[in-house]
Amino acid sequence: MYRKREREFQYPPGIEKIIEDVIGGGTIDRRDLQNALFNGKSLDELPPIVIVVKDPETGLYHVLKTALVSEAAAADATTYKVAKNHLFGVGDFVTVGGALTGASDKITAIDKSNSEFDTITLEATIGAAAKGQVLVQAKDKQAAKAAKLPYDGELVVTMNKVDLTVANQQSGLLVRGTVNKSCMPFPVDKDLKALMSFIRFV
């Protein structure tokens, strides 16, 4: 009899201290991620240490999608080059930065053909973006200084991976504690960090 040997993949342990979490965790809504394609397929697993926002009406938690700008874009740009492996999909709305001081608009196309970056095309410009800034998911189309996050609930951080092939999967949720930002799979800027004032990023 032969034993089958498999390698087990483990994510880096990026949560360094837990002071307070959501009792019982929370259910992650996977429907928002069905338009996020990797090699033409939907993501089947959400890694840990991802920012999620609570929908106060349903109680469900939704991933707050972000992407790192890889090349500066002009003030009138409608295309933005971003680093690979983000969760944005066609139909999502975006703005530049977690400060929510710019406009927001709808993604109409994402070109993934380049191995170094993805090109996101919007219906209209959301303003200039410097290399290293973060595109942040927005609720809808808004003019400058009126962009909003998709939901009004609190921002927390997931503590474990989530199986997206099964509905209504839960995750532990960090409210207060310390997170190693280098272990986070998706980018976060200082303004998003400020919205999670009880979480220390090191």
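This report describes two strands and their partners, the internal and open spaces, and a few individual contacts in a predicted model.

**Strand S13 and its neighbours**

Strand S13 covers residues 134-138, and because 5 of its 5 residues are buried, the strand is largely enclosed by the rest of the structure. In a regular strand the side chains alternate between the two faces of the sheet. In S13 both faces are covered, with Val 134, Val 136 and Ala 138 buried on one side and Leu 135 and Gln 137 buried on the other.

Strand S8, residues 66-68, runs antiparallel to S13 and is joined to it by 3 bridges, while strand S10, residues 93-96, also pairs with S13 in the antiparallel sense, over 4 bridges. Val 136 of S13 is a point of reference for both pairings: Thr 66 stands opposite Val 136, and Thr 95 likewise stands opposite Val 136.

**Strand S17 and its neighbours**

Strand S17, residues 173-179, is mostly covered, with 6 of its 7 residues buried. Its pairing involves strand S1 (residues 15-21), which is antiparallel to S17 over 5 bridges, strand S14 (residues 155-158), which is antiparallel to S17 over 2 bridges, and strand S18 (residues 199-201), which is parallel to S17 over 3 bridges.

Particular residues help to locate these pairings along S17. Thr 178 of S17 is the bridge partner of Lys 17, and Thr 178 also has Arg 200 in S18 as a bridge partner. Elsewhere in S17, Leu 174 is the bridge partner of Val 157.

The pairings of both strands are set out below.

| Strand pair | Sense | Bridges |
|---|---|---|
| S8 and S13 | antiparallel | 3 bridges |
| S10 and S13 | antiparallel | 4 bridges |
| S1 and S17 | antiparallel | 5 bridges |
| S14 and S17 | antiparallel | 2 bridges |
| S17 and S18 | parallel | 3 bridges |

**Cavity and pocket**

The structure holds 1 cavity of 30 Å³ or more, and the largest cavity has a volume of about 90 Å³. Its lining includes Ile 49, Val 50, Ile 51, Val 63, Leu 64, Lys 65 and Thr 66, and, from later in the sequence, Met 184, Phe 186, Pro 187 and Leu 192. By class, this lining is made up of 10 nonpolar, 1 polar and 1 charged residues. Thr 66, already met opposite Val 136 in S13, is thus also one of the residues that line the largest cavity.

The largest pocket has a volume of about 150 Å³, and strands S7 (61-63) and S13 each supply at least two residues of its lining. Among the residues around the pocket are Asp 32, His 62, Val 63, Asp 92, Gln 137, Ala 138, Lys 139 and Tyr 151. The lining of the largest pocket divides into 6 nonpolar, 3 polar and 3 charged residues. Val 63 appears in the lining of the cavity and in that of the pocket.

**Individual contacts**

Although the structure holds 0 aromatic pairs, charged side chains do sit over aromatic rings. The charged end of Arg 176 lies over the ring of Phe 198, 4.2 Å from its centre, and Lys 112 lies over the face of Phe 38, at 5.9 Å from the ring centre.

Ala 75 lies in the loop between S8 and strand S9 (79-82). Because its relative accessibility is 55%, Ala 75 counts as exposed. Although Ala 75 and Ala 128 are 53 residues apart in sequence, their C-alpha atoms are 3.9 Å apart in space.

Note on methods
Residues numbered from 1 in each chain as written. Predicted model: local features only at pLDDT ≥ 70, side-chain atom pairs only at ≥ 80, totals over all residues. Heavy atoms only, no water. Buried < 20%, exposed > 50% of the residue type's maximum accessible area, 1.4 Å probe, protein only. Pairing = 2+ DSSP bridges. 1 Å grid on protein atoms, 1.4 Å probe; cavity = no way out; pocket = protein on both sides within 12 Å on 5 of 7 lines; lining within 4 Å. Points joined across faces, edges and corners; volume = space filled by probe spheres on them. Nonpolar A, V, L, I, M, F, W, Y, C, P; charged D, E, K, R; others polar. Phe/Tyr/Trp six-rings, centres within 6.5 Å; stacked < 30°, edge-to-face > 60°. Lys NZ or Arg CZ within 6 Å of the ring centre and 35° of its normal.
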